[in-house]
Amino acid sequence: MGRRMQRGDAAGEKNMTRRTVLTTTAAVAATAAAVPSSRIRAAEERGCLIGPPPHPKGPLVFMDYDQIELDAAYDQSAYAPLGYQITERRASNSAETRRRLGPPRRESYGPSEIEKLDIFTTKAPNAPIFIFVHGGAWLSGEASGYHFAAENYINAGAHYVALDFIAVEPAGGHIGKMAEQVRRGIAWVYKNARSFGGGPNRIYLSGQSSGAHLAGVALVTEWTRDFGVPMDIIKGAVLLSGMYEMKPVRLSRRSAYVKFTDAMEDAMSTQRHLARIRMPVTLIYGTNETPEFQRQSRDFAAALRAAGKPVELIVAPNHNHYELQETLGNPYGWAGRAALAMMGLKPA
């Protein structure tokens, strides 16, 4: 059942100049304008209710979940009702990163307009390349919203590449089309790595949420057959809060916009294709995430371990789904530290 969190009022007030007040007011107004009003209204109506809404227990749909509970377990707003605020902070932090570093190099990796990627380069020659696949429930998100993490990697001596790719609705409900574009972007990076000082044999992959799902699918790709690149193109992966088995997802409300078939369910379930995993994998989740996003990472880690694959499972205490992704930009954060360690790099 859901529970509510109390919000305390701050004690005392800061002395602010007129300029500070005006600047702060303008910034708040700009941020509020950037947040879709429907999301703000939904969060306000919901308040800080955590978990599924109170309801009579219905018939079981998956494990011990009824339909309402399973839907909530695949809905981040049910467990992180203020997630939209963190999303806006991530966007403003990305804008600040671009102000400090300058705009990234933007390249096309495929024929459609959306098939582009952003490259932040480091000064080290033949440097490792950290490719990031964004989340957004397969519905939304863009590379520019994850530029905030770039500084951590380029300062440590790695290139940072963020992919853009089609969303599920313009893809006709087919997440396989999204996965195919992600694969094409990774292959482009391998073939063009030397053009920006990268080591083609030093490519590492990361993703968060639905992006971790798509990155996971990329790990089990037949790279030589499908793209003419080495099978071991990806040297390691750091996946945050992902989904690796599609059966429960298909049973959830997400099936309203993902047009699952049996073939899609199988092909998009990385956990069913463990024999193709050829690289070390680090999985991370937070203890304040939805129960299914926690279980998916635990079960995938256990399956990899049972198959004799190199895997590390990191549990970040007191982090929700959105807070965890912010740690990618911190060399001492849960994800940032793990990513640098995977590449054999130290914090700048």
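## A strand on the inside

Let's start in the middle of things, with strand β10. Six of its seven residues are buried, so β10 is largely enclosed by the rest of the structure. Keep in mind that this is a predicted model.

What does β10 pair with? On one hand there is β9: residues 198-208 (β9) and 234-240 (β10) run parallel and share six bridges. Within that pairing, I203 sits opposite I234 of β10. β10 also runs parallel to β11, and here four bridges do the joining. L239 has L283 in β11 as its bridge partner.

## The sheet around it

Zooming out, these strands belong to an open sheet of eight strands with mixed pairing, in the order β5-β6-β8-β7-β9-β10-β11-β12. The edges are taken by β5 (105-108) and β12 (311-316); each has a single partner strand, so one side of each is left without a neighbour in the sheet. On average, neighbouring strands are turned by 20 degrees against each other, if you ignore direction.

Helix α12, residues 291-306, packs on this sheet and touches β11 (281-286) as well as β12. The direction of α12 makes about 155 degrees with that of β11.

## Salt bridges across the chain

The count of salt bridges comes to 23. A couple of them are worth a look for the parts of the chain they bring together.

Take D164 and R106, whose side chains meet in a salt bridge at 2.9 Å, N to O. The two are 58 residues apart: D164 belongs to the loop between β8 (159-163) and α7 (175-192), while R106 lies in strand β5. So this is a link from a loop to one of the edge strands of the sheet. Are the two partners buried or exposed? D164 has a relative accessible area of 7%, under the 20% cut-off, so D164 is buried. R106 is partly exposed because its 41% falls between the 20% and 50% limits.

A second link joins R276 to E222, with the closest N and O atoms 3.8 Å apart. Here the partners are 54 residues apart, and both come from loops: R276 from the one between α11 (262-267) and β11, E222 from the one between α8 (210-219) and α9 (223-227). R276 is partly exposed at 31% relative accessibility, and E222 is partly exposed too, at 23%.

## A charged network

Some salt bridges join up. Which residues make up the network? E245, K247, R250, D262, E265, D266 and R272 are linked in this way.

One of its pairs is D266 with R272, whose closest N and O atoms are 3.5 Å apart. D266 counts as partly exposed at 32% relative accessibility, and R272 gets the same label at 34%.

## How far to trust it

Overall, the chain averages a pLDDT of 90, and 86% of the residues score at least 70. The start of the chain is another story: over residues 1-35, pLDDT stays under 50. The model has 25 contacts beyond four places in sequence for that stretch. Where pLDDT is low, the predicted coordinates should not be read in detail.

Note on methods. Residues are numbered from 1 along each chain as its sequence is written. This is a predicted model: local features need pLDDT of at least 70, side-chain atom pairs count only at pLDDT 80 or more; totals for chains, interfaces and linings use all residues. Side-chain values use heavy atoms; hydrogens and water are left out. Two strands pair if DSSP finds at least two bridges between them. Axes are lines fitted to C-alpha atoms, for helices over the stretch in contact, and angles run from 0 to 180 degrees between N-to-C directions. Contact means heavy atoms within 4.5 Å. Buried means under 20% relative accessible area, exposed over 50%, partly exposed in between (1.4 Å probe, protein chains only). pLDDT is the predictor's confidence in each residue, from 0 to 100. A salt bridge is a side-chain nitrogen of Lys or Arg within 4 Å of a carboxyl oxygen of Asp or Glu.
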